[in-house]
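Here is a short set of questions and answers on a protein fold. Please keep the sequence and the 3D view open as you read.

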Amino acid sequence: MSSPEQWTHPDPGEGPAAQAAQPSREQVIAGLRATTEGGAELTQLLTPEGERVGSPRFDRYVEDIDAEALRGLYRDMVLVRRADRECNAMQRQGQLGIWVPLLGQEAAQIGSGRALKPQDMAFPSYREHGVAFTRGVDFRELLGIFRCTDHSGWDFRAHGFHPYTIVIGNQVLNAAGYAMGQRFEGKVGNTDTDGRPAENDEATIVYFGDGATSQGDVHEGFVWAAVYDAPLVFFCQNNQWAISEPTERQSRLPLYQRARGYGFPGIRVDGNDVLACLAVTRWALEECRHGNGPVLIEAFTYRMDAHTTTDDPTRYRLSDELEAWKLKDPIERVRAHLARNGFAEGSFFEQIQAEADEFAAQLRDFCFNMPEPPPERVFSQVYAEPSPELDAQREEYLAYLDGFATAGER
Ligand SMILES: Cc1ncc(C[n+]2csc(CCOP(=O)(O)OP(=O)(O)O)c2C)c(N)n1
Ligand SMILES: [Mg+2]
């Protein structure tokens, strides 16, 4: 880890040095170009060419990942990408109000999601469709939010997957509180009768973006989790952009280095490497379960599509940046690895593609025929307990809607 002295930028004052410190217009548009490299500190187990690189520190966390397990990770990523593309298309056809693409972030989401145990809790932002998939949330259950018929359709306790949060960074506070609760309830740092770490110990993971790190909520979450030794993995997907704002405009430091200021470990992982994301997240979760949390993971990745379907990224970034990242595609490197090692035949890839197409067709069919939920549903899953005020609001709202139905009779 670098020293705090290295982190201090001298004041450039005025003159040429000051000008040099300012990014040029072209650099800003291209995300300052540094975005295409993760730096020497990047933890990687699979190169973009699909070669396995050894890691003395992290290999042991993926010892069980044999060829079959790797094919499983490949399948996960292909399925969620295919579903993501289908949803994007359905928004364009007016079937969804908006879609938030995950394109390019499959490895970060599948790798970290598959590291979780059933007893763990995950707090997503709004782009974590891949994590939802790993938590057993049916992709169809995500659609109501984007068709604007539902707040969130799944049982978050059963899946260990909290509702989506649109308010940037807010879920970090929710997760910090939840992880503090796990600690208070003694679900961390236990040992089984044989003296080994208890199998049932719990941890929490929270997902947020590079832009979210500029929010006060994230700072507060870091502070609370740190001082209470909360079993919380902060999983920052640095996809290089917060809508049109590049990461370089959010921080002077690589984001993972911020952890040091709060007193817990921070690590940067290749977010396009599913194996590395799995290994590093397993390590971080284990640290948390043992009572050594929290941990910050910065998954260095790239948002290959628009921020949402309402955004046009050609207004603020150059296509050569996207082209550079295409060479680091998270799915292609696993495909190359499977193929070059003889872990999968051509028929396997065809079969997965066919499965993904069928998956997307079912999604489309469901979306086109999605039932409208009854209007009173908006009141039914907001609070844990009913209340007279809520009952009154529901009755008033239903009477109001009824007024439209009977308006023509007058
Ligand atoms: C508190 C708050 N401020 C502003 C917004 C508008 N907003 C939506 S997404 C976004 C950028 C988030 O970027 P990042 O955290 O990097 O996540 P990404 O979308 O890249 O996954 C902003 C500013 C919001 N939803 N909530
Ligand atoms: Mg971002």
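**Sheet, helices and loops**

F235 stands opposite I297 in β7. This is a predicted model, where local features need pLDDT of at least 70, side-chain atom pairs count only at pLDDT 80 or more, and totals for chains, interfaces and linings use all residues. Residues are numbered from 1 along each chain as its sequence is written, and chains are lettered from A and ligands numbered from 1 in the order in which they are written.

Q: How many bridges join β3 to β7?
A: Strand β3 covers residues 232-238 and β7 covers 295-300. Strands are DSSP runs of E with at least two residues, helices are runs of H or I with at least four, and both are numbered from the N terminus. Two strands pair if DSSP finds at least two bridges between them. β3 and β7 run parallel, and the number of bridges is 6.

Q: Which strands stand at the edges of the sheet?
A: The sheet is open, has 5 strands with parallel pairing, and follows the order β1-β2-β3-β7-β6. Each edge strand has a single partner, so one side of it is left without a neighbour in the sheet. The edge strands are β1 (121-123) and β6 (266-270).

Q: What angle does the direction of α9 make with that of β2?
A: Helix α9 (residues 170-184) packs on the sheet and touches β1, β2 (204-209) and β3. Angles run from 0 to 180 degrees between N-to-C directions, with axes as lines fitted to C-alpha atoms, for helices over the stretch in contact. The angle is about 170 degrees.

Q: Are α9 and α10 roughly parallel or roughly antiparallel to each other?
A: α9 and helix α10 (residues 216-227) pack at an angle of about 15 degrees, with their axes 7 Å apart. Angles under 35 degrees count as roughly parallel, over 145 as roughly antiparallel, 65 to 115 as roughly perpendicular and the rest as oblique. α9 and α10 are therefore roughly parallel.

Q: How many nonpolar residues has the contact of α9 with α10?
A: Residues are in contact if their C-beta atoms, placed from the backbone, lie within 7 Å. The contact includes L173 and M180 of α9 and W224 of α10. Nonpolar means Ala, Val, Leu, Ile, Met, Phe, Trp, Tyr, Cys and Pro; charged means Asp, Glu, Lys and Arg; the others, Gly among them, are polar. With 2 polar and 2 charged residues beside them, the nonpolar residues number 9.

Q: Is the crossing of α4 and α5 left-handed or right-handed?
A: Helix α4 (residues 67-92) and helix α5 (residues 106-115) pack at about 130 degrees, with axes 10 Å apart. That makes α4 oblique to α5. A crossing is left-handed if the near helix is turned anticlockwise from the far one by less than a right angle, and right-handed if clockwise. The crossing of α4 and α5 is right-handed.

Q: How far apart are the axes of α5 and α12?
A: α5 and α12 pack at an angle of about 40 degrees. That makes α5 oblique to α12. The distance between the axes is 7 Å.

Q: Which residue does a cis peptide bond join to G293?
A: Omega is about 0 degrees at this bond. The partner lies in the loop between α12 (274-289) and β7. The partner is P294.

Q: Which residue has a positive phi although it is not a glycine?
A: The phi is about 75 degrees. The residue is found in the loop between β3 and β4 (241-242). The residue is Q240.

Methods:
Contact = placed C-beta atoms within 7 Å.
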